[in-house]
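Please open the model in your viewer and keep the selection panel at hand. The tour goes from enclosed space to helix packing, one selection at a time.

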Amino acid sequence: VLFQLLDCVRTSSTTADKEKIESGGGNILIHHSRDTAEKQWAETWVLTLAGVARIFNTRRYLLQQLGDFFEAWEVLLNHIQSAALSKNNEVSLAALKSFQEILQIVTPVKDSDKAGDALAAIGVPPVLIDPLSASGPGRPLVRSDSLVERLTRYNGAELQAPPPGEESALEDSALWWSAWNTWYRTGTESTRPPCGPAEKLTFIPSQPFLTALIQIFPALYQHIKANFSMDDLKKLGVILHGAVSVPISSDASPFILPSYTEATLTSLQEAVLTALDVLQKAICVGPENLQIMYPAIFEQLLLFVEFSCKPPQYGRVETKHVANAKYNQIQLFAPAEWVALNYVPFAERSLEVVGDLYHKTACHKAVINEKVLQNIIKTLRMPLGLKYACPSESTWKLAVSSLLKVLSIGLPVARQHASSGKFDAMWPELANALEDFLFTKSTPPDNLSIQEFQQNESVDVEVVQLISTEILPFANFIPKDFVGQIMTMLNKGSIHSQAPSFTEAEIDVRMREEFSKVCFETLLQFSFSNKVSTPQEGYISRMALSVLLKRAQDVLRRYVEDERLSGRCPLPRQQVTEIIFVLKAISTLMDSLKKTLPENVDGNTWAQVIALYPTLVECITCSSSEVSTALKEALGPFKDFMQPPVSKVQNGES
């Protein structure tokens, strides 16, 4: 009776007339939501499906004794799936509500009180997901965080009442897997991007529908987690990615999109992260064989992180993007029917999750074998390289702090496994990421204040400090090519780098003086450390130092020459700043030499340092007071190296 009824209703609903029904004569008015036969049949379908689902839910124990319950369950799921894939929003959302309703079933026990006691004992509420409540446009569901609290309130304890026999348990597992397959098919069909031209597009699923769909997963997972495999995880990943990529109809966007100034997630984005969170927690407390899933979860999260700079495409649908950034004003591109979400908050939240998860799992075999650290660095390279060109300023700042956090845990692990070769490909990736960030091709926005510029420079300094504390002291355990790249980078940083187009007053600050100084100090610290274990490392640092000294000599000579030729005209501000920097570098170098054991400095370096002295003396006639002050500081330390000549003894006479 039930399925016959459902079949007839489904057929009538899909073939119903779309013509508008005129209001009957007299006082009868028909509401616009019910003014066609199709709309009226849609409501009939909703009511019929809800009624049948309720009967399955409340009378399951009786129905199970009939023997062909599994077939009936399959037919019901089939009806739910076809309703969920209906192009009518009302029907599809109601189908998911019915799906949620039949999934709230726990293993039946003859004595219902016993079941209640068993559940109460482990603190599980009998209902896992609240039924849908249409509480307003765009937010039809309970908040997903309250859901995850309920799901994780018990630590992986199975929803089991006293066992009513093995057979029943097996059958139960088959029912849940059948429900998973229905969920997977519904998800795949509804989130698959259209492949044809955008003009022919008729239907894109709504956000409330997708949110309800994703929120079903955590409850379903609790019943199938014992056999949930890598293939299932990949299937889930495709659906999560597809759901998040779906744009919003421009009519609904005011209700769903957060206001431009807020950086909050939509309900759907919350639900997607909740689903991954439930998985991650289950893997954490689950058996060893589950832990091979960690890399796949990282991969999924890193795909979401990329959305911060490269929003996903949904087939060929043309969307307008809503930017929300401090420096890029809100831009609305050509008017389109569909609005792409602001993915920045979602991508940034995903990145925070990646950082926390890596913190917990850095030493896991699967995480090491699957090169997770390398993949994280590779993904972060995009926002780090774009820097000021990122859609949102917060993205590159979070990317740097995440990189520093991940490296502080990951580098010791990488050094530990240096001989295994599992991290070999990570080192060049890291060198490129650091290079892209420290010497970015993007230019700071014009409205960046000096204070903000200095804050950004302090981030660059932090990265160099990480190099000096976490990388260079352990040069013996790190590939030589990588150390070479780092030395080249430090050398490049200490040779003065400045961004163009600044006013005279700002030039001092804007030349990243602090950054250059830290690069130079790190370079010197490595050049004169007695940790230089191989001739090659010593050669790299000596070569870098030799380049610096030669450059200092050239700058000083050119300055003396230009000063003499310019007469009373002052030299360009840029040249004066450059000479001051070189003089400061010389005094830093002299301080380092003073602290270093003499045998750690080779003769060639001494010769170059001594050769600087006469050139410095020639600069004394300069007219700039700033240069004079810096010159005084550079000449002062030479006194520590001045000694009377060693007397030679010949034929017994001095």
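**Cavities**

Begin with the whole structure, a predicted model, in which a search finds six cavities of 30 Å³ or more. The largest cavity holds about 100 Å³ of space, and it is the one to display before turning to the helices.

To see what surrounds the largest cavity, select its lining, which consists of Ser-494, Phe-520, Leu-545, Leu-548, Leu-549, Arg-551, Ala-552, Phe-581, Val-582, Ala-585, Ile-586 and Leu-589. If you colour this selection by class, the lining of the largest cavity divides into ten nonpolar residues, one polar and one charged. Then show the ribbon for helix H23 (535-566) and helix H24 (573-595), each of which supplies at least two residues of that lining.

**Helices H4 and H5**

Next select residues 69-84, helix H4, together with residues 89-103, helix H5, whose axes come within 7 Å and cross at roughly 150 degrees. Because the cut-off for roughly antiparallel is an angle over 145 degrees, H4 and H5 are roughly antiparallel to each other. H4 passes H5 in a left-handed crossing. For the contact itself, show the side chains of Trp-73, Leu-76, Leu-77, Ile-80, Ala-83 and Ala-84 on H4, and those of Val-91, Ser-92, Ala-95, Leu-96, Ser-98, Phe-99 and Ile-102 on H5. The residues of this contact between H4 and H5 comprise eleven nonpolar and two polar, with no charged residue.

**Helices H14 and H16**

Move on to helix H14 (residues 344-361) and helix H16 (residues 372-386), where the axes come within 12 Å and the crossing angle is roughly 155 degrees. That angle makes H14 roughly antiparallel to H16, and the crossing of H14 and H16 is left-handed. The residues to pick out here are Leu-351, Val-354 and Tyr-358 of H14, which make the contact with Val-372, Leu-373, Ile-376 and Leu-380 of H16. By class, the contact of H14 with H16 has seven nonpolar residues, no polar and no charged ones.

**Helices H9 and H12**

How are H9 and H12 oriented to each other, roughly parallel or antiparallel? Select helix H9 (residues 207-224) and helix H12 (residues 267-285), which pack at an angle of about 15 degrees with their axes 8 Å apart; H9 and H12 are therefore roughly parallel to each other. The crossing of H9 and H12 is left-handed. From H9, the contact draws on Gln-207, Leu-210, Thr-211, Ile-214, Gln-215, Phe-217, Pro-218, Tyr-221 and Gln-222, while H12 brings Ser-267, Leu-268, Ala-271, Val-272, Ala-275, Val-278, Leu-279 and Ala-282. Coloured by class, the contact of H9 with H12 shows twelve nonpolar and five polar residues, and no charged ones.

Terms used:
Residues numbered from 1 in each chain as written. Predicted model: local features only at pLDDT ≥ 70, side-chain atom pairs only at ≥ 80, totals over all residues. Heavy atoms only, no water. 1 Å grid on protein atoms, 1.4 Å probe; cavity = no way out; pocket = protein on both sides within 12 Å on 5 of 7 lines; lining within 4 Å. Points joined across faces, edges and corners; volume = space filled by probe spheres on them. Helix = DSSP H or I, 4+ residues; strand = E, 2+ residues; numbered from the N terminus. Nonpolar A, V, L, I, M, F, W, Y, C, P; charged D, E, K, R; others polar. Axes fitted to C-alpha atoms, helices over the stretch in contact; angles between N-to-C directions. Parallel < 35°, antiparallel > 145°, perpendicular 65-115°, else oblique. Left-handed = near helix turned anticlockwise from the far one by under 90°. Contact = heavy atoms within 4.5 Å.
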